[in-house]
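Trainee: I have a model open and want to learn how to read its features. Where do I start?

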Amino acid sequence: MESCGMSLIKYILFVFNLIFAISGIGIIVAGALVLGDVGEFSHFVEGRIMAPPIVLIVAGVIVFIVAFLGCYGAIKEHYHMLIAFAAALLIIFVIELAVGIAAAVFKNDFSMAMKDTLKESMKNYTDADKFAWDNVQNKVGRPNLEHGEPMMALSIE
């Protein structure tokens, strides 16, 4: 017979993992929305700039799977499932630490790559570039030249 305290811990672990599973689904949806939104500007962006939404989707799937392991292991009190859950949490922690450090190091590279790509597009202004820039202006908003707004709302230095 299990004590009241152990039963309470089991259900608390289940509830928290259920919340994480739902957040994993939310991360997947957010990544898909960002990928759909950024996909309109695929003419300007390189593959490495399109990677963050894909990483979001993959991270959401991983969070969902790990949370499911925790939910199932807690409810069924399955020892090996809880060990797999703990190991997955440790791996996720190490990966988050590495990604955080990499994001801090490569923050300026992303900005410079985007600026370089946009500058290059303005130099080689073809019909495809015109169509892509029209999409950007429709998405960001066209300038109101009567009120002195600049032609480009984007700062490309």
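Mentor: We will take the annotated spans, the pocket, the surface patch and the salt bridge in turn. Keep in mind that this is a predicted model.

Trainee: Which residues does UniProt list for "transmembrane region"?

Mentor: Read the record, then look at the model. The unreviewed UniProt entry lists residues 12–34, 54–75 and 82–106. Residues 12–34 are 100% helix and 0% strand, with end C-alpha atoms 33 Å apart. Residues 82–106 are 96% helix and 0% strand. Their end C-alpha atoms lie 36 Å apart.

Trainee: Next, the pocket. How much space lies in the largest pocket?

Mentor: Take the volume, then the lining. The largest pocket holds about 540 Å³ of space. Its lining has 19 residues, and the closest to the centre are Ala59, Ile62, Val63, Ile92 and Glu96. Helix H1 (4–39), helix H2 (47–76) and helix H3 (79–105) each give two or more residues to this lining. H2 gives the most, with eight residues.

Trainee: How do the residues of that lining divide into nonpolar, polar and charged?

Mentor: Sort the lining by residue type. There are 17 nonpolar residues, one polar and one charged.

Trainee: Now the surface. Which residues form the nonpolar patch?

Mentor: List the members, then ask which elements supply them. The patch consists of Ile25, Val29, Leu33, Val61, Phe64, Ile65, Phe68 and Tyr72. Together they have about 740 Å² of accessible area. H1 and H2 each supply at least two residues of the patch. H2 has the largest share, five residues. Val61, a patch member, sits in helix H2.

Trainee: How many salt bridges does a search of the whole structure find?

Mentor: Count, then find the partners. The search finds one salt bridge. Glutamate 77 pairs with lysine 10, and the closest N and O atoms are 3.3 Å apart. The cut-off for such a pair is 4 Å.

Trainee: Why does the pair of glutamate 77 and lysine 10 tie together parts that are apart in sequence?

Mentor: Look at where each partner lies. Glutamate 77 is in the loop between H2 and H3, while lysine 10 is in helix H1, so the pair ties together parts 67 residues apart in sequence.

Conventions
Residues are numbered from 1 along each chain as its sequence is written. This is a predicted model: local features need pLDDT of at least 70, side-chain atom pairs count only at pLDDT 80 or more; totals for chains, interfaces and linings use all residues. Side-chain values use heavy atoms; hydrogens and water are left out. UniProt positions are given in the numbering used here, feature names are shortened, and annotations may be inferred rather than shown by experiment. Helices (H or I, at least four residues) and strands (E, at least two) are DSSP runs, numbered from the N terminus. On a 1 Å grid over the protein atoms alone, a cavity is a set of points where a 1.4 Å probe fits but cannot get out, and a pocket is an open set with protein on both sides within 12 Å along at least five of seven lines; lining residues have an atom within 4 Å of a point. Grid points are joined across faces, edges and corners, and a volume is the space filled by probe spheres set on the points. Ala, Val, Leu, Ile, Met, Phe, Trp, Tyr, Cys and Pro count as nonpolar, Asp, Glu, Lys and Arg as charged, and the others, Gly among them, as polar. Patches are made of residues with over 30% relative accessible area and no salt bridge: like charges are joined within 9 Å, nonpolar side chains (Val, Leu, Ile, Met, Phe, Trp, Tyr) within 5 Å. Accessible areas come from the Shrake-Rupley method with a 1.4 Å probe; for residues, only the protein chains shown count as cover. A salt bridge is a side-chain nitrogen of Lys or Arg within 4 Å of a carboxyl oxygen of Asp or Glu.
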